[in-house]
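Biologist: Could you take a close look at one part of this model for me? I would like to hear about the second largest cavity, and then about whatever else helps me place it.

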Amino acid sequence: MINNEKNIDIIVSALKAHNIRHIVISPGGTNICFVRKVQKDSFFKCYSVVDERSAMYVAIGIYLQTEEIVATSCTSAQATRNYIPGLTEAYYKRVPILALTMEKHTRFKYQEYMQAPDQTSLPKDCVKASYELPAIADENDILFSNRLVNEAILELNHNGYGPVQLCIPWLDFQLSRNDINYRYIKRYEYNTEWDVVLSNKKVLMVVGEQLPFNAKEQELFDEFCTNYNVVVYCNHLSNCHGKFVVNANLALSTIKLSEFLRYKPDIVIALGGQTGDYPLYKIISKNELIDVEVWRVNRDGAIIDTYDKLTKVFAVSNSEFFMKMNELCFARSTHDYFELWSCLISSKKRDIEVPFSNIYTAQKMSKVIPNNSILQLSILNSLRTWSLYEIDKSVECYSNVGAFGIDGGMSTLIGQSLATDKMCFMIIGDLAFLYDMNSISIRGIKNNVRILLVNNNGGIEFKMDSMNDYEFIDKYIAAGDHFKNAEGWANVCGFKYMRAGTKQEFDSKITEFVSASEKPIIFEIFVSDVDEAKAYKTIIDTNTSYNFEEKAAMGKQALKNGLKKMIGK
């Protein structure tokens with residue numbers, strides 16, 4: 001087993017040995033293991049601060065009054081970046097703050113993997129030193145980690161005081177195979193020979209975040225899809241449309257691996273940027289799909305192996321790729337692969353009865369959002385929820401999935417609204433709204449702005465699978481009870497404020513929300529975290545197929561194994 005729990009144990013022990021008891025915690029997923037340990041330990045005095053920009057200044061304030069070293073804890077993605085202003089102040093103020101930052105495994109850096117920007121690339125006048133712990137796999141790693149943790153803490157007051165970063169890799173997997181095959185990766189330029197064949201291949205084209213195709217790109221794309229046996233997997237962020245495009249997020253969220261083998265492609269072609277699509281990543285990266293070949297198409301030609309199966313990189317534009325591949329096609333393919341996927345997707349049920357929740361509002365609003373609108377989705381809950389539903393092809397969709405941070409969604413949406421007369425919609429949760437609430441005070445916000453604020457009391461992402469423990473999780477991990485409502489701030493900033501606490505209230509106001517108005521509108525809905533989790537579970541469970549013969553066989557085998565233990569062979 002390879003994980004980061006041993007690193008966490010070393011850090012917690014070192015904090016206590018060095019008498020560092022004040023910890024300022026910001027909510028997140030990758031720092032849950034650390035937060036759980038210090039929250040349960042009476043030695044530590046913990047403080048919950050949602051926004052990391054504020055958290056670092058709060059830590060400075062605690063030090064100024066106590067003159068004790070203060071630790072801070074944040075998750076990965078954009079969180080470390082939000083420490084930078086406060087760390088800069090601490091650096092020049094000479095305040096000893098131990099910034100405990102989380103990161104994905106080193107192999108995910110610069111690979112367009114979700115929430116994995118480089119966490120150790122801080123400006124030189126932010127910290128005295130930056131330390132990165134190893135992923136612990138054996139005794140050498142334990143000894144190395146122990147030394148680095150102590151070195152980082154001792155650096156806080158060595159040759160003068162100042163902040164130090166200690167970066168912790170987040171891991172949670174078991175090494176399940178040793179027979180990993182070597183893969184030869186080849187790069188192609190437009191003018192080199194392309195020894196590639198797509199004929200008689202099942203092709204899954206994955207289109208990530210991008211601007212809509214221009215007319216020429218669309219023409220070449222349509223021709224490519226007609227020529228080959230292709231399924232184009234898109235979510236809303238791809239802004240990609242065509243005859244062979246599918247919205248299969250719900251299908252992949254509810255399919256078992258054994259079933260997916262029937263739909264498995266021979267080749268995956270990746271276009272555009274990040275998808276922000278965890279179900280897609282998980283299914284393509286499974287061990288049983290080791291024979292899947294991934295091609296990446298991007299003018300930069302970078303070796304970005306998002307799915308761990310990269311074999312070919314085409315350093316060309318989308319248009320050049322489609323043009324070249326169309327020239328290499330000598331006989332148009334059948335489209336049985338697309339028909340297979342179409343049957344899978346059409347079997348899924350989206351309009352099912354769910355509690356009042358983000359899921360419910362997506363069910364309703366996806367059908368009435370005006371054509372030719374702009375839609376900005378906050379990560380992670382709103383992006384995942386809306387990915388389950390179809391919307392009109394004329395609606396352009398965006399989300400801050402570049403560095404994949406919680407903050408900045410409304411600012412981005414407002415920037416778009418200032419440059420267009422189209423209706424501009426934002427779907428955002430209460431924590432993400434709290435991060436970016438200053439943006440609605442920007443002077444000159446136009447009447448085309450519509451913000452649907454889903455107030456579910458904190459980071460619902462961290463409660464989805466732990467509702468039995470939600471009171472514990474609320475305190476620091478999900479940061480509940482930080483945000484009551486947006487009414488006062490919305491009114492001060494010149495917005496029309498609407499609210500709903502039931503399905504009936506929401507249904508009665510949705511038409512007004514999506515219509516023209518003399519003011520920008522914030523529509524805040526109040527839903528319980530329990531209902532949020534229940535709604536998502538309902539739509540997933542309803543659409544998950546169960547192989548009862550397989551379950552029965554597993555049950556019989558379990559019974560036989562139990563009997564053997566009791567009575568012997």
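Modeller: Happy to: I will start with that cavity, follow one of its lining residues, and then turn to a pocket, the cores and a helix. Please keep in mind that this is a predicted model.

The structure holds 2 cavities of 30 Å³ or more, and the second largest has a volume of about 30 Å³. Its lining is made up of Gln376, Leu377, Ser378, Ile379, Ser399, Asn400, Gly405, Ile406 and Gly409. Sorted by class, that lining has 3 nonpolar and 6 polar residues, with no charged ones.

Let us follow Ser378, one of those lining residues. Ser378 sits in the loop between β16 (374–377) and α13 (381–387). Is Ser378 buried or exposed? Its relative accessibility is 6%, so Ser378 counts as buried, the cut-off for buried being under 20%. Leaving out residues up to four places away in sequence, Ser378 touches Leu383, Ser399, Ile406, Met426, Ile427, Ile428 and Ala432. Among these contacts, Ser399 and Ile406 also belong to the cavity lining.

An open site makes a useful companion to this cavity. The second largest pocket has a volume of about 260 Å³. Its lining has 17 residues, and those closest to the pocket centre are Cys240, His241, Val245, Asn247 and Glu390. By class, the pocket lining divides into 7 nonpolar, 7 polar and 3 charged residues.

Now for the nonpolar cores. The largest has 58 residues, of which Met205, Phe224, Ile269, Phe321 and Trp341 touch the most other members. A second, separate core of 45 residues includes Val354, Ile427, Leu452 and Phe523. Ile427 brings us back to the cavity, as this residue is among the contacts of Ser378. In the largest core, Phe224 is in contact with Leu198, Met205, Val230, Ile269, Phe321, Phe322, Met325 and Asn326, leaving aside neighbours within four places in sequence.

Last comes helix α1, which covers residues 5–17. This helix has 13 residues and reaches 18 Å from its first C-alpha to its last, close to the 18 Å expected at 1.5 Å a residue. The buried residues of α1 are Asn7, Ile8, Ile10, Ile11, Val12, Ala14 and Leu15. An α-helix has 3.6 residues a turn, so residues three or four places apart point the same way. The buried residues of α1 pack against β2 (22–25), α2 (32–39), β5 (97–104), α5 (139–155) and β7 (164–170). After α1 comes Asn19, with a positive phi near 60°.

Methods. Residues numbered from 1 in each chain as written. Predicted model: local features only at pLDDT ≥ 70, side-chain atom pairs only at ≥ 80, totals over all residues. Heavy atoms only, no water. 1 Å grid on protein atoms, 1.4 Å probe; cavity = no way out; pocket = protein on both sides within 12 Å on 5 of 7 lines; lining within 4 Å. Points joined across faces, edges and corners; volume = space filled by probe spheres on them. Nonpolar A, V, L, I, M, F, W, Y, C, P; charged D, E, K, R; others polar. Helix = DSSP H or I, 4+ residues; strand = E, 2+ residues; numbered from the N terminus. Expected span 1.5 Å × (residues − 1). Buried < 20%, exposed > 50% of the residue type's maximum accessible area, 1.4 Å probe, protein only. Contact = heavy atoms within 4.5 Å. Core = buried A, V, L, I, M, F, W, Y, C linked by side-chain atoms within 4.5 Å.
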